[in-house]
Amino acid sequence: MPKADSNIKMLQTNFIRENRDFTIAGLTKKHFKDAEQAVDRIIDLDKRRREVQQELDDVLAASNNKAKEIGGLMKAGKQSEAEEAKAVTATLKERSKSLDESHKTIEAELLDELVKLPNLPHSSVPEGRTAEDNVNILEEGAKPTLHQGALPHWELIKKLGKNQAPIIDFELGNKIAGAGFPVYKGKAARLQRAMIAFFLDEAGKAGYTEVQPPIVVNADSGFATGQLPDKEGQMYHDAQDDLYLIPTAEVPVTNLYRDVIVAETELPVRNVAYTPCFRREAGSWGAHVRGLNRLHQFDKVEIVQINKPEESYKALDEMVEHVKSLLGKLELPYRILRLCGGDMGFTSALTYDFEVWSAGQERWLECSSVSNFETYQANRLKLRCKGADKKTQLLHTLNGSALALPRILAALLENNQQADGTVKIPAVLVPYCGFETIE
């Protein structure tokens, strides 16, 4: 696994100014449109901002000196010269006011340009534009051979319910809320609860502290972790209170540390949270999103780490191993992909996607993304660490699904369906759910 690219500090104008070509190359790898023009625009705005700031400082210094001079002239009885100095001071004050307004305008323009830039990719990120270009780095577990007549989960659930009522009812959810909001019944509901408890317990054993955060966040929180202004169209928004339903627990859990200086002795920070998640998934359609494959509301257990830059890629490796252990205990075949530049998230420096094999559909389903954001989120969060030398530095943030439930449930149902019509439950979940099969 890779080590940190220690010189990457996105959203900091001094880094962009001093590493123009490197920044352009990284943005180009992520297929950011007009990377060179965007970087040069930022460099130009930064130059203008610093020039205006310097002139403002000079004018304010001159104004202060004149104010002192006026006092001396008044004491010396030089009234006419004092009046001339007052006139100069008035002119300087008007100029400082104008410069201050210009400075604020340029700063706003600069921030507007900076937040449009995605994080730079780690040097190990492969070239590529789409999911087809992702690199398969590991495949574990044997794909099950199903009996003749095996079904995808959206057909299988109809045969598992009582009185011809499916254990996962999409039509009832559609009546109550709309498409993408299923109702889980009986053993499906208990299996959901069992997986949540199992994932939380396993995270606790791995040293993560469980938290229960809000499932709505304000705009500042969405901005801090990079959902805003990038993903407004994917988030459910309550305009009256200006609150957003969370797309992942990453957002509230990471924002626990917004505007915080963490003592070095408190690192690494490891948190885990279960939450429902909400995504509009605008434009999603087709056979690949049937059933549990893509929902507007789903349950997920999320692990979040905050660490020193020199330790963050070791932490990423640990998180990858944790997700591997979960899938292994669930007896699910899976593979790990290193995402290419064009398929990565806006805020990520390096992402590994986990996919489980769905035997009923005969396709891979993404069930987890594990990412290192390096300093990208920390810079927005103003999340820093103070070391023994009393100096502060930005920290690295990381997160991962451990795990998202819908596609795990789909794979469990499909892979474990038996010729007699039952579904066998993985042994590790039996103590949590209290049954070995779904009939």
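Is E362 buried or exposed? In this predicted model, E362 has a relative accessibility of 63% and therefore counts as exposed, since the cut-off for that class is over 50%. The residue sits in the loop that runs between β12 (350-358) and β13 (363-374). Its backbone deserves attention as well: E362 is not a glycine, yet its phi is positive, at about 55°. Most residues other than glycine have a negative phi, and most peptide bonds are trans.

K382 can be read alongside E362. K382 has a phi near 60°, again a positive value in a residue other than glycine. This lysine is found in the loop between α11 (376-381) and β14 (384-386). Its relative accessible area is 47%, so K382 is classed as partly exposed, the class that lies between the 20% and 50% limits.

The backbone also contains cis peptide bonds. One of them leads from L228 to P229, with omega near 5°. P229 belongs to the loop between α8 (219-224) and β6 (237-238). Another cis bond joins A402 and L403, where omega is about 10°. L403, in contrast to a loop position, is found within strand β16, which covers residues 396-404.

The next topic is the helices towards the N terminus of the chain, beginning with an annotated segment. An unreviewed UniProt entry lists residues 35-62 as "coiled-coil region". In the model, the chain over residues 35-62 is 100% helix and 0% strand, and the C-alpha atoms at its two ends are 41 Å apart.

Helix α3 comprises residues 35-75, and helix α4 comprises residues 79-114. Two packed helices are described by the angle between their axes and the distance between the axes. For α3 and α4, the axes come within 8 Å and cross at roughly 160°. Because angles over 145 degrees are counted in this way, α3 and α4 are roughly antiparallel to each other. Their crossing is left-handed. The residues of the contact of α3 with α4 comprise 19 nonpolar, 7 polar and 14 charged ones.

Aromatic side chains provide a further set of contacts. A pair of aromatic rings is described by the distance of the centres and the angle of the planes. The structure holds 7 aromatic pairs. One of them is formed by F15 and F22, whose ring centres are 6.2 Å apart and whose planes stand at 85°, so this pair is edge-to-face. The partners fall into separate accessibility classes: F15 is buried, with a relative accessible area of 7%, whereas F22 is partly exposed, at 36%.

F198 and Y432 form another edge-to-face pair, with 5.9 Å from centre to centre and 70° between the planes. This pair links distant parts of the chain, 234 residues apart: F198 lies in helix α7 (residues 186-205), and Y432 lies in helix α13 (residues 430-433). F198 has a relative accessibility of 1% and so counts as buried, while Y432 is partly exposed, with a relative accessible area of 30%. F199 joins these residues, and F198, F199 and Y432 form one aromatic cluster.

Methods: Residues numbered from 1 in each chain as written. Predicted model: local features only at pLDDT ≥ 70, side-chain atom pairs only at ≥ 80, totals over all residues. Heavy atoms only, no water. UniProt positions renumbered as here; feature names shortened; annotations may be inferred. Helix = DSSP H or I, 4+ residues; strand = E, 2+ residues; numbered from the N terminus. Buried < 20%, exposed > 50% of the residue type's maximum accessible area, 1.4 Å probe, protein only. Axes fitted to C-alpha atoms, helices over the stretch in contact; angles between N-to-C directions. Parallel < 35°, antiparallel > 145°, perpendicular 65-115°, else oblique. Left-handed = near helix turned anticlockwise from the far one by under 90°. Nonpolar A, V, L, I, M, F, W, Y, C, P; charged D, E, K, R; others polar. Phe/Tyr/Trp six-rings, centres within 6.5 Å; stacked < 30°, edge-to-face > 60°.
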